[in-house]
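The report that follows walks through the strands, pockets, cysteines and long-range contacts of one model. The structure is shown first, and the account begins with the terms needed to read it.

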Amino acid sequence: MNIIVLGAGIIGISTAWHLRERGHEVTVVDRQSGPALETSFANAGQISVSYCEPWANRQAPWKALQWMFDKEAPLLLRPQLDPAQWRWCLQFLAQCNDAAFARNVQQIVALGAYSHVALKEVVAGTGIAFHRLERGIAHFYSSRQAFDAAAEGVELMRRHGVQRRLVSREELLRIEPAFTPYAEHIAGGTFTETDESGDARLFTEQLARRCATLGVDFLYDHQVLGLQPARSGKPAHVQVRGNQGGPARWLGADAVVVACGSYTPQLLKPLGVQLPIYPGKGYSATLPILQPDKAPFVSAIDDSRKIAMSRMGDTLRVAGTIELGGFDLSLSSDTARARCRMLVRRIEELMPGVCDTRLPEEGGNPQFWCGLRPATPTNIPCIGATGAAGIWVNAGHGTLGWTHGAGSGKALAALISGEQPALDFGFVGLPRTRGLQPQPAMTARA
């Protein structure tokens, strides 16, 4: 088939790769000048099958209320005059119960395990290098109460086949000695050996190059103006225009995949397709490492701040926080500056002197970044067929786009090709499948 993929982030490029592997003719369209220049650009780098609990749980509403006036809060709601925001919030509240949590986490873990296998297959077949560290992910807790509560999460993951385990402070510091300066404030942690980390942007860029080598066409610097479903024997169409102007034109295809992250609902709404995706603004800082022998190799999560950190070559990436406030991508507001400063301040508290944490006004050069994470109320992404003929969707991955990217692309390529992916997941437009749920150590093919 002739297939157009809209979006050149980790989700879109993974989809293009797997479609091309199945022999389809593929064109990728993106408004940026290259791949991975928006949400896939500078995330935390964690491939975390074991740390994927939904945001919605029974404690979430009360925490969100407590955090509303804290600029550094892990989850910050900035109310807008936007019906989409309030609709999303109401849907989120409906998921804040134990039954919904258990139902949602099962699908998220199943997709994560399936995706980890898919990622390993792609890396083994291509040799792509992306600052990959297969050292696991550690999660540390600063309070005894939080550490005690972590046992419930460990048991939940183990029930789904993920080998996450509780570790004492002493064992945590043996796993990652970089946190020794902060030892007296650590109550304990968890560790999952099978998780890993790496640079999503580097991976996406290199996979895009390999796609091009295999014959995938790329139409960068083009805005998507509209979609037209297939009808009366005619193919689906995408209307595009170059960023430099000129006339708009229509591109025809047997199938169109919309993988535009937080902007996906805007493209599909005129077709009568409603998706519960809302942008969650996340922040990161990439810091030069000054003392390589004292910097962490194990990717980690700081529970008290809900931030993640991963080593990427001679830099440390620290990322976190969710801000529900529309499509604002500013780094200059008071809130944005406070959140960025919190990231670098926390690294200095955890491992003093290891990274250059000076702010620009102090002579430092932290690479601050923000991106819009396309979040659903359940944290389950929208993958599958829309109600519009010939139009497919692969979006809504929230903070897990890097974790779920390879598997999401593989699963959707299988669905478009008339195959059944081997995992228990509720694909859009299709009955929920109840098939194999592969674990990270297994090999499974769609």
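A pocket, as the word is used here, is an open set of points on a 1 Å grid where a 1.4 Å probe fits, with protein on both sides within 12 Å along at least five of seven lines, and its lining residues have an atom within 4 Å of a point. The model itself is predicted, and every value below is computed from it.

## The second largest pocket

With that definition in place, the second largest pocket has a volume of about 370 Å³. Its lining is made up of 17 residues, and those that lie nearest the centre are Ala84, Arg87, Pro265, Leu275 and Ile277. Three elements, namely helix H3 (83-94), helix H8 (264-268) and strand S14 (278-288), each supply at least two residues of this lining, and among the contributors H3 gives the most, with 4 residues. Sorted by class, the lining of the second largest pocket comprises 10 nonpolar, 4 polar and 3 charged residues.

## Two open sheets

One open sheet has 6 strands, arranged in the order S9-S2-S1-S13-S20-S19 with mixed pairing. Its edges are formed by strand S9 (217-219) and strand S19 (382-385), each of which pairs on one side only, and from one strand to the next the twist averages 20 degrees. Within this sheet, strand S13 (residues 255-258) and strand S20 (residues 391-395) run parallel and are joined by 3 bridges, with valine 256 standing opposite isoleucine 391 in S20.

Another open sheet has 3 strands in the order S10-S11-S12, with antiparallel pairing. Strand S10 (222-228) and strand S12 (249-253) each have a single partner strand and stand at the edges, so one side of each is left without a neighbour in the sheet. The twist in this sheet averages 30 degrees from one strand to the next. S10 pairs with strand S11 (residues 236-242) in the antiparallel sense over 6 bridges, and glutamine 228 stands opposite histidine 237 in S11.

## Strand S16 and its two hairpins

How many of the residues of strand S16 (residues 307-312) are buried? The strand is mostly covered, with 6 of its 6 residues buried. In a regular strand the side chains alternate between the two faces of the sheet. Both faces of S16 are covered, with Ile307, Met309 and Arg311 buried on one side and Ala308, Ser310 and Met312 buried on the other.

S16 takes part in two hairpins, one with S15 and one with S17. The pairings are set out below.

| Strand pair | Sense | Bridges | Residues opposite each other |
|---|---|---|---|
| S15 (residues 299-302) and S16 | antiparallel | 3 bridges | alanine 300 and methionine 309 |
| S16 and S17 (residues 315-324) | antiparallel | 6 bridges | methionine 309 and valine 318 |

Methionine 309 thus appears in both rows, standing opposite alanine 300 and opposite valine 318 in S17. In the hairpin of S15 and S16 there are 4 residues between the strands, and lysine 306 in the turn has a positive phi of about 55 degrees. In the hairpin of S16 and S17 there are 2 residues between the strands, and glycine 313 in the turn has a positive phi of about 65 degrees.

## Cysteines

A disulfide is a covalent bond between the sulfur atoms of two cysteines. With a cut-off of 2.5 Å between cysteine sulfur atoms, the count comes to 0 disulfides. For cysteine 340, which is in no disulfide, the nearest cysteine sulfur is that of cysteine 370, at 7.3 Å; cysteine 340 counts as buried, at 4% relative accessibility. Cysteine 382 is likewise in no disulfide, and the nearest cysteine sulfur, belonging to cysteine 260, is 13 Å away. At 8% relative accessibility, cysteine 382 also counts as buried.

## Residues far apart along the chain

Two helix residues come with C-alpha separations to partners remote in sequence. Tyrosine 114 is placed in helix H4 (residues 98-126) and counts as buried, at 2% relative accessibility. Its C-alpha atom is separated by 5.8 Å from that of glycine 407, although the two residues are 293 residues apart along the chain.

Aspartate 334 lies in helix H9 (residues 334-350) and is partly exposed, with a relative accessible area of 46%. Its C-alpha atom and that of lysine 71 are separated by 8.3 Å, the two residues being 263 residues apart along the chain.

Methods:
Residues numbered from 1 in each chain as written. Predicted model: local features only at pLDDT ≥ 70, side-chain atom pairs only at ≥ 80, totals over all residues. Heavy atoms only, no water. Points joined across faces, edges and corners; volume = space filled by probe spheres on them. Nonpolar A, V, L, I, M, F, W, Y, C, P; charged D, E, K, R; others polar. Pairing = 2+ DSSP bridges. Axes fitted to C-alpha atoms, helices over the stretch in contact; angles between N-to-C directions. Buried < 20%, exposed > 50% of the residue type's maximum accessible area, 1.4 Å probe, protein only.
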